[in-house]
Structures are given as C-alpha cells and as structure tokens.
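Dear colleague,

I am handing over the structure we spoke about, and I would be grateful if you could keep it open while reading the notes beneath it.

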Amino acid sequence: MEGVLVRKIKKICVFCGANSGKDVAFVNAAFHLGKVLGKRKIDLVYGGGKLGLMGCVSTAVAQHERQVLGIIPSAFTVNNLVGETCGKEIKVATMQERLVMMMELSDAFISLPGGFGTLEELFQMISWAQLSIHNKPIGVLNINGFFNGLLSFVDHAVKQEFITPRARKILISATTADELVDKLQAFRFEPDPALSKLKWSPSSSQKEKLDLTLRL
C-alpha cells in the first residue's frame, strides 16, 4: 500500500450468520478473520453471543488478546438463547438501537456469509453511508464466491440506473481477510453532493429519521 494514505482502523464491526453454514470454509474464514484482526491489533464489535460464525470470529479475536464487544437486544438474552458473549456485552432494547450503536462505535464494517439479518445490517450500513450519515468503509469477505450473486445484482442495479456508480464504490469486496482489511484502510469516501447536505440530528429523533432510509 505504498503511496496510499491509510485510514486508522481500531475497531471493526463484523456482521455474520448465527449459523455456521454448509461449507466448512465459512467457519475457517471466520476464525482466520478473527486471527487477522488480532494480529493487526484491531478490536471487534459484533452482535453478541457465541452461535455460528459470530462465535467463531469473536472467539478468535479474544484468543489474540483484542477487545470484543457484543451489542445484543435484551430479547436474545432470555433463556440464554444465543449463548454467552465472548467479551464485554451491551444490551439494547431494539434491533435498530443495536445497529445505530454498532455504527457509532466502529471504524469499519465487514460482512461474512449470513442470512436475512446479516444482509439487512450490511445494506442498512451502505444506505446510511450513501446518505452521509457516516463515512466509514464497508466490505464483504467473499468466501468461495458466497457473495457473487449479490455483487452481480448490485452491478445490475447500477446498469439499470437505480444505484449510481459513486454509490457502488461504497461496497468493497475481497476474497481474503488481509486483502479486505487493506482495502478498508485505503478507502476514500466520496459523498454525494446533494445527499451530503442533509442534516442528521444526534437527538433522540435520529432513529426515526434513520428508519426513512429503508424506503429511499
């Protein structure tokens, strides 16, 4: 990355499945990502608990003596539904509050394979970047082509002029953890001139305004 200004990343939020998936490569990649974060002295923010890939990546980060913060809705903690969080835990009331806190406490975002919840978190964060609510890098770790279809769909939406080429640059992808972290560190945010003029209040009404992004 010689000659490239490197963004300082201290905490990365990882979105991923509470299941392990069919391919053992997903589990291996989650553990390896945690190892890479640990070696690079990057702390983890995630959704809490120890299930599936969430448990893999959090365990690996903790094993490399980096801080782990799980942000979890209180409903998930009833009857130990998702298991114990590996590290510090913050309980919140709603899923939306969880995502807002993840955004505020993280310097970048990585998505591993997952289901609807993972995709919601990923695209919500992309939408908020498009609206200049934040300017933090977002990437997917494309293990064994898991995200090929999603990336093709996004490119199709660009061709059909529903996503601008500028907005398309928000979503980064790579096939290895080291390459993805390098890309996140090199990311340069390009705000939309019109959307960057929006004023987002830090008051309690913020969450209501953020909900509107789902319908843009």
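The notes below deal with a few strands and the helices that go with them.

Please bear in mind that this is a predicted model. I begin with strand 1 (11-15), which pairs with strand 2 in the parallel sense over 3 bridges; within this pairing, Lys 11 stands opposite Asp 43 of strand 2. Taken together with helix 1, strands 1 and 2 form a β-α-β unit that is right-handed. From strand 2 the chain goes on through helix 2 (residues 52-63) to strand 3, and this β-α-β crossover is right-handed. Strand 2 and strand 3 (residues 68-73) run parallel and are joined by 3 bridges, with Leu 44 standing opposite Val 68 of strand 3.

Strand 2 itself, which covers residues 43-46, has side chains on both sides: Asp 43 and Val 45 point one way, whereas Leu 44 and Tyr 46 point the other way, and all of them are buried.

Further along the chain comes helix 7, made up of residues 177-186, in which Ala 177, Leu 180, Val 181, Leu 184 and Gln 185 are buried. Viewed down the axis of helix 7, these buried residues fall within an arc of 135°, and they therefore line one face of the helix. What do the buried residues of helix 7 pack against? Their partners are strand 1, helix 1 (24-39), strand 5 (108-111), strand 6 (138-141) and strand 7 (171-174), so that strand 1 and helix 1, already met in the β-α-β unit, appear here again.

With best wishes

How values were computed
Residues are numbered from 1 along each chain as its sequence is written. This is a predicted model: local features need pLDDT of at least 70, side-chain atom pairs count only at pLDDT 80 or more; totals for chains, interfaces and linings use all residues. Side-chain values use heavy atoms; hydrogens and water are left out. Buried means under 20% relative accessible area, exposed over 50%, partly exposed in between (1.4 Å probe, protein chains only). Helices (H or I, at least four residues) and strands (E, at least two) are DSSP runs, numbered from the N terminus. The arc is that of the directions from the helix axis to the C-beta atoms. Contact means heavy atoms within 4.5 Å. Two strands pair if DSSP finds at least two bridges between them. A crossover is right-handed if, with the strands pointing away from the viewer, the path from the first strand over the helix to the second runs clockwise.
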